[in-house]
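Visitor: Got a minute to walk me through this one? I'd like the fold first, then a few residues.
Guide: Sure, let's pull it up.

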Amino acid sequence: MKKRLRMKWPVSMNAMYRNFRGRSILSKRARDYYNWAEEKYPAHVINPKIRWPTQSLRVTILLHPPKAYTYDIDNYFKQIADCLKKGRWYTDDSQIYELKGIKRNKDPNKEGFVNVLIETI
């Protein structure tokens, strides 16, 4: 079973957390991204049950950046995986047995986007 999702360009791990009064909290940009994902793929509407509750998964992430620049591909995995979990696509990140990221051409619209392919193995 496969599912392909298109998501907007995620927040990098470097910008995902901020310190506030001695604690690490999600940054406003990260919260906005999670809220966008919840509106785009609402868990209670699309997935009233967890789609893959126990299956082992292969996740392929195709990154189309907003502009041509160098970036660390692994800085984007965590937020995408968290959005998929919150969207009830799977129960826990530990179900991902294969994770592959591929850098693609920049987005001609200069917004950036990510195609995520999830499949059972």
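Visitor: What share of the contacts with a separation of 6 or more comes from residues 24 or more positions apart?
Guide: 83% of them. Bear in mind that this is a predicted model.

Visitor: How many helices and strands are there?
Guide: The protein has 3 helices and 6 strands. In sequence order the pattern reads β-β-β-α-α-β-α-β-β.

Visitor: What about the radius of gyration?
Guide: The protein comes in at 15 Å. A compact globule of 121 residues would be near 14 Å, so the two agree. The C-alpha trace spans about 40 × 35 × 25 Å along its principal axes.

Visitor: And what fraction of the residues is buried?
Guide: 41% of the 121 residues count as buried. The accessible surface is about 7500 Å², and carbon and sulfur atoms hold 49% of that.

Visitor: Charges next. How many positive and negative, and how far apart are their mean positions?
Guide: There are 25 positive and 12 negative charges. Their mean positions lie 3 Å apart.

Visitor: Let's go to helix α3. Why call it largely enclosed?
Guide: Helix α3 covers residues 77-86, and 7 of its 10 residues are buried, so the rest of the structure largely encloses it. The buried ones are F77, Q79, I80, A81, D82, C83 and L84.

Visitor: Which elements do those pack against?
Guide: One helix and four strands are on the list: α1 (28-40), plus β1 (2-8), β4 (57-64), β5 (96-103) and β6 (113-120).

Visitor: Can you give me a residue on the α1 side?
Guide: Take Y33, which lies in helix α1. Its relative accessible area is 2%, so Y33 is buried. Among its contacts beyond four places in sequence are Q79, I80 and C83. Y33 also touches M7, K8, W9, P10 and V11.

Visitor: How far is Y33 from A81?
Guide: C-alpha to C-alpha, 12 Å, with their positions 48 residues apart in sequence.

Visitor: Over to strand β4. Is V59 buried or exposed?
Guide: V59 sits in β4. Its relative accessibility is 2%, so V59 counts as buried.

Visitor: What does V59 touch?
Guide: Setting aside residues up to four places away, V59 touches I96, E98, L99, K100, V116, L117 and I118. R6 is 53 residues from V59 in sequence, and their C-alpha atoms are 13 Å apart.

Visitor: H64 is in that strand too, right? Tell me about its surroundings.
Guide: H64 is found in β4. At 14% relative accessibility, H64 counts as buried, since the cut-off is under 20%. Its contacts beyond four places in sequence are W9, R104, N105, D107, G112, F113 and N115.

Visitor: What does the H64 side chain have within polar reach?
Guide: A polar atom of the H64 side chain lies 3.3 Å from the backbone oxygen of N105.

Visitor: Switching to loops. Where is T91?
Guide: T91 is in the loop between α3 and β5. Its relative accessibility is 36%, so T91 counts as partly exposed.

Visitor: Which residues does T91 contact?
Guide: I50, W52, P53 and K85, not counting residues up to four places away. With P53 there is a short polar distance to note: 2.7 Å from the P53 backbone oxygen to a polar atom of the T91 side chain.

Visitor: And how far is T91 from M7?
Guide: Their C-alpha atoms are 20 Å apart. Along the chain, 84 residues separate them.

Visitor: Last topic, backbone torsions. Which sign of phi do most residues have?
Guide: Most residues other than glycine have a negative phi.

Visitor: Where should I look for positive values here?
Guide: Start with R21, in the loop between β2 (17-20) and β3 (23-26). Phi of R21 is near 50 degrees. Then K110, in the loop between β5 and β6. Phi of K110 is near 65 degrees. R88, which follows α3, also has a positive phi, near 65 degrees.

Visitor: Are R21 and K110 buried or exposed?
Guide: R21 has 75% relative accessibility, so R21 counts as exposed. K110 is exposed as well, with a relative accessible area of 63%.

Methods
Residues are numbered from 1 along each chain as its sequence is written. This is a predicted model: local features need pLDDT of at least 70, side-chain atom pairs count only at pLDDT 80 or more; totals for chains, interfaces and linings use all residues. Side-chain values use heavy atoms; hydrogens and water are left out. Helices (H or I, at least four residues) and strands (E, at least two) are DSSP runs, numbered from the N terminus. The radius of gyration is taken over C-alpha atoms; the globule rule is 2.2 Å times the number of residues to the power 0.38. Buried means under 20% relative accessible area, exposed over 50%, partly exposed in between (1.4 Å probe, protein chains only). Contact means heavy atoms within 4.5 Å. Accessible areas come from the Shrake-Rupley method with a 1.4 Å probe; for residues, only the protein chains shown count as cover. Lys and Arg count as positive and Asp and Glu as negative; His and the chain ends are not counted. The place of a charge is taken as NZ of Lys, CZ of Arg, CG of Asp or CD of Glu. A polar contact is a pair of N or O atoms within 3.5 Å; within protein, one must be able to donate a hydrogen and the other to accept it, and residues adjacent in sequence count only if both atoms are side-chain atoms.
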